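Subject: Handover of a structure

Dear colleague,

Please find the structure below, together with its sequence. My notes on what was found in it follow.

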Amino acid sequence: MMARIPLTPPRSLFLRAVEWYSKRTYGKIVDPVRALAHHPGVLRADLLFEMAVARWNKLDEDLKALAVMASAASIGCGWCMDFGHWENTRRGMDARKIQDVPFWRDSDAYTPLERDVMEYAEAMTANPPTVGDELAGRLLGALGEPAFVELTAMVAVENLRSRINSALGLTSQGFKDQCEVPAPTATAAAARPVG
């Protein structure tokens, strides 16, 4: 599938600065930058928002990553799964936990709290959301109020990212060799790729 918008936006000084940062930080210019650059105001707002989100620090990084990737997998955003795999591998997260996100229900890699976080991410991502009081209560008790609020906000942020990227037709950009998001099934764990 090709992007639904050209990834060759009009060149500007602002875009060149963002591209320089992207290359320096990620080794390449990320496609969401190229897509959003067609509207510099949207790109600027997105970058400022992401810089603010990056400063949130009440939720454990691994729990945050699992929530983000579970949301991306639910939406089917291959670009977000690809980038999430690369980002979390680089910071040293357990590779199996990263790899098994699309099949988390069938994997024994996760703690009960991690399972609750991924269930919550999926429930929030459902349309309409299906978050239940019992699950929210368990998470609030385990995490405390600041981390629970951050978890909720991170899932919402990932919904924004994944829905923009999916709607614009952005797919895996090669951060990981292959990051297709399989449809969840009961036998998905048996067919899970190794790596």
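Helices here are DSSP runs of at least four residues, numbered from the N terminus. With that numbering, Pro128 is placed in the loop between α7 and α8. Please bear in mind throughout that this is a predicted model.

The chain as a whole

The chain holds 10 helices and zero strands. Read from the N terminus, its elements follow the order α-α-α-α-α-α-α-α-α-α. Of the 195 residues in the chain, 42% are buried. The accessible surface amounts to about 10400 Å², and carbon and sulfur atoms account for 58% of that surface. If one takes the contacts between residues at least 6 apart in sequence, 71% of them join residues at least 24 apart.

Helix α7 and its two partners

Helix α7 spans residues 112-125, and helix α4 spans residues 61-75; their axes come within 8 Å and cross at roughly 40°. That angle makes α4 oblique to α7. The crossing of α4 with α7 is right-handed. On the α4 side, the residues in contact are Leu63, Leu66, Ala67, Ala70, Ser71, Ser74 and Ile75, and they meet Leu113, Glu114, Val117, Met118, Ala121, Glu122 and Thr125 of α7. Sorted by class, the residues of this contact between α4 and α7 comprise nine nonpolar, three polar and two charged.

The second partner to be described is helix α8, residues 133-143, whose axis comes within 10 Å of that of α7, with a crossing angle of roughly 130°. An angle over 145 degrees would count as roughly antiparallel and one from 65 to 115 as roughly perpendicular; α7 and α8 are therefore oblique to each other. Their crossing is left-handed. From α7, the contact draws on Leu113, Asp116, Val117, Glu119 and Tyr120, and from α8 on Leu135, Arg138, Leu139, Ala142 and Leu143. The contact of α7 with α8 contains seven nonpolar and three charged residues, and no polar ones. Leu113 and Val117 of α7 are thus listed in the contact with α4 and also in the contact with α8.

The cis peptide bond

Most peptide bonds are trans. The bond joining Asn127 and Pro128, however, is cis, with omega about 0°. As noted above, Pro128 belongs to the loop between α7 and α8.

Two buried residues

Which loop holds Met93? Met93 is found in the loop between α5 (78-90) and α6 (95-99). Because buried means under 20% relative accessible area, Met93, at 6%, is buried. Leaving aside neighbours within four places in sequence, Met93 is in contact with Asp62, Ala65, Leu66, Asn88 and Ile98. Leu66 is also among the α4 residues that meet α7. The C-alpha atoms of Met93 and Glu61 are 9.0 Å apart, although 32 residues separate the two along the chain.

Ser162 is situated in helix α9, residues 145-167. Its relative accessibility is 0%, so Ser162 likewise counts as buried. When residues up to four places away in sequence are not counted, Ser162 touches Ala72, Ile75, Cys77 and Cys80. Ile75 is one of the α4 residues in the contact with α7. Trp79 is 83 residues from Ser162 along the chain, and the C-alpha atoms of the two are separated by 8.0 Å.

With kind regards

Methods. Residues numbered from 1 in each chain as written. Predicted model: local features only at pLDDT ≥ 70, side-chain atom pairs only at ≥ 80, totals over all residues. Heavy atoms only, no water. Axes fitted to C-alpha atoms, helices over the stretch in contact; angles between N-to-C directions. Helix = DSSP H or I, 4+ residues; strand = E, 2+ residues; numbered from the N terminus. Parallel < 35°, antiparallel > 145°, perpendicular 65-115°, else oblique. Left-handed = near helix turned anticlockwise from the far one by under 90°. Contact = heavy atoms within 4.5 Å. Nonpolar A, V, L, I, M, F, W, Y, C, P; charged D, E, K, R; others polar. Buried < 20%, exposed > 50% of the residue type's maximum accessible area, 1.4 Å probe, protein only. Areas by Shrake-Rupley, 256 points an atom, 1.4 Å probe, with all protein chains shown as cover.
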